Amino acid sequence: MRVFERYFHQVAAGATGLIPESSITPITDVERIENTQVDPDDARQALGRTVFLKLNGGLGTSMGLDKAKSLLPVRNGETFLDIMTRQIFQVRKRTGVDVPLLFMNSFRTRADTLNALDPQLRTDLPLDVLQNREPKILADSLKPVSWNKNPELEWCPPGHGDIYTTLYDGDVLTRLLDAGYRYLNTSNSDNLGAYPSASIAGWFAASGADYAPEVCERTLADLKGGHLARRNSDGRVILRDTAQTPESDMHHFTDLHRHPFFHTNNLWFNIESLRDLLRETEGVVDLPLIRNEKNVDPTDSASPRVIQMECAMGAIVEKFAYSTPICVPRGRFLPVKTTNDLLTVRSDAYEYTDEARLVLRTDAAPVVSLDSKYYKFIQDFETRFQTLPSLAGCESFTVEGPWTFAGNIAFEGRVELRGGGTVRGA
């Protein structure tokens, strides 16, 4: 409630949370994990002292889902949850370390997620923590919205930044320390590339850092990803998200040479350092505001406009005395935010390995752009893609209009389909 109150007063005072380009200096050079050397025994020991937490509060409403997004089938009928579970089991089998997996669920995803989890995931820790919720407020009056068609939509999870309040309120970090764990790795549950890495755990343990975010080199497919920069006023490293960038500065934000790395939201924490910070701030870390304006019902563009007051958990970088980013291979960042991403990871452009990892078969993943009018929601997507076309030979795949795909189809090069119709293979 104290966190909500703080952000509400900022919004009421007209705060936008915007970070102008003139107030920051780009970060153009960071350490790369491939250039580090970690003793395998040290890496295995660090892995055994690391808790892997998945941010699992989202419903995927932008894709028309009404259950936990992690229950959406991704490959061979396996869901995000299935793939995460298999990755943990494979790491346990390969290393002999009983790696724990912890979920941060929201009030909307908890029951479905816990019901679907494999009982063998259990360790000496709980399977999940429940994040808070807050009322959506009307954009015009700042009053709590009332939506009788579905009162549950009057509430929302307050963004990933709520993890700190959640961990503090439940004294979760003390429990982790008492159980012998020293490091915490967090990642989004829809990022299929964020498998438990012993080598990064070993590097982080040896670094002595309080905090380390993973970053990747940006490509044309990453123009909307947040990035790190140095704040001119005090020299601190900060995170700037797309929603925090003034429209007049977007040409700088999307400049791959000016800001060459993007933030993956795969984060590494020294648990003791994080616990001390949260105790000092009493769980109110005061991260920069993200003013997120949406429809109260994301599937109904005629429903009232509301403000969701959020903050990015990666913004905590500015609160630590010793934080250091690490550049990782692009394979550690495979998010599925839209049906464009879903088609890409379901396609044969990726190989699905026995270790439940998706490995790109070509130099670069195809850039997929599906007409949002016909493919945005999963129900429409599934109806129109009756079979998956081969995209292994594609550079780009652009579809405009109501097309349907059936049979064995292979696309190559730069593909553009316009108008509408049926593409039917053998």
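Contacts in this predicted model reach far along the sequence: of those between residues at least 6 apart in the protein chain, 72% join residues at least 24 apart. The secondary structure of the chain comprises 12 helices and 25 strands. With a radius of gyration of 21 Å, close to the 22 Å from the globule rule for 426 residues, the chain is as compact as a globular protein of that length. Along the principal axes, the C-alpha atoms occupy a box of roughly 60 × 55 × 45 Å. Buried residues make up 52% of the 426 in the chain. The area that the protein chain exposes is about 19,100 Å², and 47% of this area is supplied by carbon and sulfur atoms.

Next comes the empty space inside the model. Rolling a probe the size of a water molecule over the atoms shows where such space is left. Three cavities of 30 Å³ or more are present in the structure, and the largest cavity has a volume of about 110 Å³. Its lining consists of 14 residues, with Val3, Tyr7, Thr165, Val285 and Cys311 nearest the centre of the cavity. The elements giving two or more residues to this lining are α1 (2–12) and α5 (163–169). Helix α1 contributes the most, namely three residues. For anyone thinking about the chemistry of the wall, the lining of the largest cavity divides by class into eight nonpolar, three polar and three charged residues.

The open pockets offer a useful companion view. The second largest pocket has a volume of about 270 Å³. A set of 16 residues lines this pocket, and those nearest its centre are Met1, Arg2, Val3, Phe4 and Asn132. Val3 thus appears both among the residues nearest the centre of the largest cavity and among those nearest the centre of the second largest pocket. At least two lining residues of the pocket come from each of α1, β8 (134–135) and α5. Helices α1 and α5 are also the elements with two or more residues in the lining of the largest cavity. By class, the pocket lining has seven nonpolar, three polar and six charged residues.

Helix α7 spans residues 198–207, and its buried residues are Ile200, Ala201, Gly202, Trp203 and Phe204. In general, an α-helix has 3.6 residues a turn, so residues three or four places apart point the same way. After α7 comes glycine 208, with a positive phi near 75 degrees.

Positive phi values also occur at two residues that are not glycine. Aspartate 171, with phi of about 50 degrees, sits in the loop between α5 and α6 (172–178). Its relative accessibility is 41%, so aspartate 171 counts as partly exposed. Alanine 356 has a phi near 60 degrees and lies in the loop between β19 (350–352) and β20 (358–360). Alanine 356 counts as buried because its relative accessibility is 1%, under the 20% cut-off.

Two further loop residues show how parts of the chain meet. Threonine 242 belongs to the loop between β14 (237–240) and α8 (250–253). With a relative accessible area of 23%, threonine 242 is partly exposed. Setting aside residues up to four places away in sequence, threonine 242 touches Lys224, Gly225, Met250 and Phe253. From threonine 242 to isoleucine 290, the C-alpha to C-alpha distance is 9.7 Å, with 48 residues of sequence separation.

Glycine 407 is located in the loop between β23 (403–406) and β24 (410–418), and its relative accessibility of 24% makes this residue partly exposed. Beyond its neighbours within four places in sequence, glycine 407 is in contact with Thr387, Gly425 and Ala426. Threonine 387 is 20 residues from glycine 407 along the chain, and their C-alpha atoms are separated by 6.0 Å.

How values were computed. Residues are numbered from 1 along each chain as its sequence is written. This is a predicted model: local features need pLDDT of at least 70, side-chain atom pairs count only at pLDDT 80 or more; totals for chains, interfaces and linings use all residues. Side-chain values use heavy atoms; hydrogens and water are left out. On a 1 Å grid over the protein atoms alone, a cavity is a set of points where a 1.4 Å probe fits but cannot get out, and a pocket is an open set with protein on both sides within 12 Å along at least five of seven lines; lining residues have an atom within 4 Å of a point. Grid points are joined across faces, edges and corners, and a volume is the space filled by probe spheres set on the points. Helices (H or I, at least four residues) and strands (E, at least two) are DSSP runs, numbered from the N terminus. Ala, Val, Leu, Ile, Met, Phe, Trp, Tyr, Cys and Pro count as nonpolar, Asp, Glu, Lys and Arg as charged, and the others, Gly among them, as polar. The radius of gyration is taken over C-alpha atoms; the globule rule is 2.2 Å times the number of residues to the power 0.38. Buried means under 20% relative accessible area, exposed over 50%, partly exposed in between (1.4 Å probe, protein chains only). Contact means heavy atoms within 4.5 Å. Accessible areas come from the Shrake-Rupley method with a 1.4 Å probe; for residues, only the protein chains shown count as cover.
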